[in-house]
Each structure stands twice: as C-alpha cells, then as structure tokens.
Amino acid sequence: MPRFRSILETMPTYKPGKTVVSPEGKSYKLSSNESPYGPLPSVVEAIAKAATEINRYPDPGATRLTEAIAERLDVPPGHVALGAGSVAVAAQILEAVAEPGVEVLYAWRSFEAYPLLADLAGATSVTVPLRDETHDLEAMADAVTPRTRLIFVCNPNNPTGTVCRKAEIERFLDRVPEDVLVVFDEAYREYVRDADVPDALVYYRERPNVAVLRTFSKAYGLAGLRVGYLIGQEPVAAAVRKTPPPFSINHLAQAAAVASLQAEDELMARVESVIKERSRVREALIADGWTVPPTEANFVWLRLGERTTAFAEHCAGYGVAVRPFAGEGVRVSIGDPEANDAFLAAARSFPR
C-alpha cells in the first residue's frame, strides 16, 4: 500500500457549492458566488479565436495578461503574479512562505480554503474569531507572534460579506511587523460601494509587506476558466511567481481575461445590476424579520446556528441551492431576479 502524508488523514475535502432541483424541475444555483451572467460576446469571440491555437502551449509568463493587468491598475508588470484562480495564487503564496513552525493567521469564519491550503503547505493555522460578523483586527494584531509569517485579511469577508474600514485597517497595519506578509484577499472588491472601505492597492504602494489578491471569477464572470492574480512589491511577486507549475494558466483563460479587461465598462454595468439586486434581497429579508449583516459582496449571510442544515434543505425544495456551513449559517449568492425571488419565497416560508 503506498504511503501518503499524514496530514491527509485529518484534512476535509473542499466542498464546492451544490446544484439542486425542485420537484417541479426548477434549479437556481446560489451556492458558489458566481456571476449570474454569461460571458460577453467580445469575450466569447476571444475564446473562440484562442481555441484555434490550443495545439500550442500557453505563454508560460502570460505576458499579454500581465501587461494588461499592470496597465489597468497602474503597477509595474514585475509586481504582478498570476495563478489559476485566486485560490491557486493563495496556495502559491503559502508555498513561498510556509515551512514547519511557521504560523498563518486569519479570521474565522473566513474563506474555507485557508485552513486546507495552510495544512497542505505545512504551516500552522492561527484563527481569530469574528466580532460582529467581521474581522477583529485588533485581536488579530494581538495574535501575531515571532512565528507569524502570513496574515490573510478577506475584505469583503467570505462568507459574511462584511468589511474592514480605513481607520481600523491602518491601525492594524501599523502594529504588524514589517517581516510579516499581509495579503488582502479582495475577490469581491468590484462589489464594494462603501466609500470607507479602502482599495488595498493603496497600502501595497506604501508598505512592502502588503499584497493584494484578486480574481476574474466573480465580477468578470470567468469562474470556469480560473484566473487570479496577486499585486505585490517585486520581492513578493517574484517569490509567488516561482511556485506554480509551468503553464498553469491555460491559453483560453489568458485570452478571456485580456478581453474582459478591454470590456470592463460593460462588465461593471452588470456589477451594478447585481448590487441593486443585493440591496433588494437584503431589504426584503429584513422586512420579513431576518437579521442580515450589511454586505459589500455578491452574497448575503444568514446566521442560523443549528437550523442551518434544515434551512438549506428547505431551500432545496424550492430548487434553490445555498451554501450551508453546518452549525453556523448559510451564504446565499445574488443571482438574477427570478433566482432571487425563488430564494426569498423559500426564506419567507421557512418555519421560525
């Protein structure tokens, strides 16, 4: 019998959002924070053209995409590191910093991949409980030790949608040692409308130990192609670029991401539609008596405790898939109006 790493015996498998179907044949997937819109025609055209070239290996350095991101964000190309989705880039970051004895710090509950990636990288996870459904940055700063090498700050936080704001972030960064890498995971940055939530690129420009993680999966609607990136100072980005396997970003993904950046105005109009639906869904839930924290992402969070699984099963009966976190709560993505109405009907009929 082959021998495997002992950590695999205790690691749970990552659980993606499910798809369900009601007895009437209805199916609304609100479990994975995907864009409810298909790719733009110009992006489909770019993918189709690139598909005629897939007999060749992709550009290993993703030069065109790197330059397009650098131009869009006004950063040097050498400050960009790419990966197959932001979760892959997070894994690359951990490969660059982790080794036995190293601590990785993050809030909990936050993005569920953090503990899995940290375990695989051989690091020790240190978690700090949320306070009022968001990061307790003061407690996180208190938790830093000489063994801390990396801190993830998911802002907006997944799965709660809550945010950290300018003053608390700056107090936190002032307390973090300069040799500790702080990664702001901004997968949902495009959905933020709170003016007091800073773009973390501001801090990356001022502080060499700050980096920013982003994705094309959510607002850009390319979840199925897997493209994410990090922006960090040259030593950080260079270290992260060393860790992925060769050709990790496929040719279609590179072409689609470049085309998406070129069509950004059209894509952002779609984001505004999601934001309007986000407000409508949250306001309707509150009117029905639910407690829903303010959200700056493309989902809402309901803390249900022991009723979590029952609520998810109840929604499934309406053909609505939500993302349950057993014993804690459910995250519900914002879909198109029909899907959102189906969810609201399910929530309204749930016995409380």
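How much space lies in the largest cavity? In this predicted model, the largest cavity holds about 30 Å³ of space. With a cut-off of 30 Å³ or more, the count comes to one cavity.

The lining of the largest cavity is made up of S35, P36, Y37, Y191, K218, A219, R270, V271 and V274. By class, six of the lining residues are nonpolar, one is polar and two are charged. The location of the cavity follows from the division of the chain into domain 1 (6–39 + 264–349) and domain 2 (41–261). Both domain 1 and domain 2 give residues to the lining, so the largest cavity lies between them.

A distance of 23 Å separates the C-alpha centres of domain 1 and domain 2. To the contact between the two, domain 1 gives 31 residues and domain 2 gives 30 residues.

Two sheets are described here. One is an open sheet of seven strands with mixed pairing, in the order β2-β8-β7-β6-β5-β3-β4. Its edges are formed by β2 (80–83) and β4 (124–129); each has a single partner strand, so one side of each is left without a neighbour in the sheet. Neighbouring strands of this seven-stranded sheet are turned against each other by 25° on average, direction ignored.

Within the seven-stranded sheet, strand β5 (residues 148–154) and strand β6 (residues 181–185) run parallel and are joined by five bridges. One residue pair across these strands consists of V153 and its bridge partner in β6, F184. Helix α8 (residues 234–241) packs on the sheet and touches β2, β6, β7 (210–215) and β8 (228–231). The direction of helix α8 makes about 25° with that of β2. Helix α4 (residues 113–120) lies across β3 (103–108), β4, β5 and β6. Relative to β3, helix α4 runs at about 170°.

The other sheet is open and has three strands, ordered β9-β12-β11, with antiparallel pairing. At its edges are β9 (299–303) and β11 (323–325), each of which pairs on one side only. From one strand to the next, the twist of this three-stranded sheet averages 20°. Three bridges link β11 and strand β12 (residues 329–333) in the antiparallel sense. In this pairing, F325 has G329 of β12 as its bridge partner.

Technical notes: Residues are numbered from 1 along each chain as its sequence is written. This is a predicted model: local features need pLDDT of at least 70, side-chain atom pairs count only at pLDDT 80 or more; totals for chains, interfaces and linings use all residues. Side-chain values use heavy atoms; hydrogens and water are left out. On a 1 Å grid over the protein atoms alone, a cavity is a set of points where a 1.4 Å probe fits but cannot get out, and a pocket is an open set with protein on both sides within 12 Å along at least five of seven lines; lining residues have an atom within 4 Å of a point. Grid points are joined across faces, edges and corners, and a volume is the space filled by probe spheres set on the points. Ala, Val, Leu, Ile, Met, Phe, Trp, Tyr, Cys and Pro count as nonpolar, Asp, Glu, Lys and Arg as charged, and the others, Gly among them, as polar. Domain bounds come from an automatic or database domain assignment. Two strands pair if DSSP finds at least two bridges between them. Helices (H or I, at least four residues) and strands (E, at least two) are DSSP runs, numbered from the N terminus. Axes are lines fitted to C-alpha atoms, for helices over the stretch in contact, and angles run from 0 to 180 degrees between N-to-C directions. Contact means heavy atoms within 4.5 Å.
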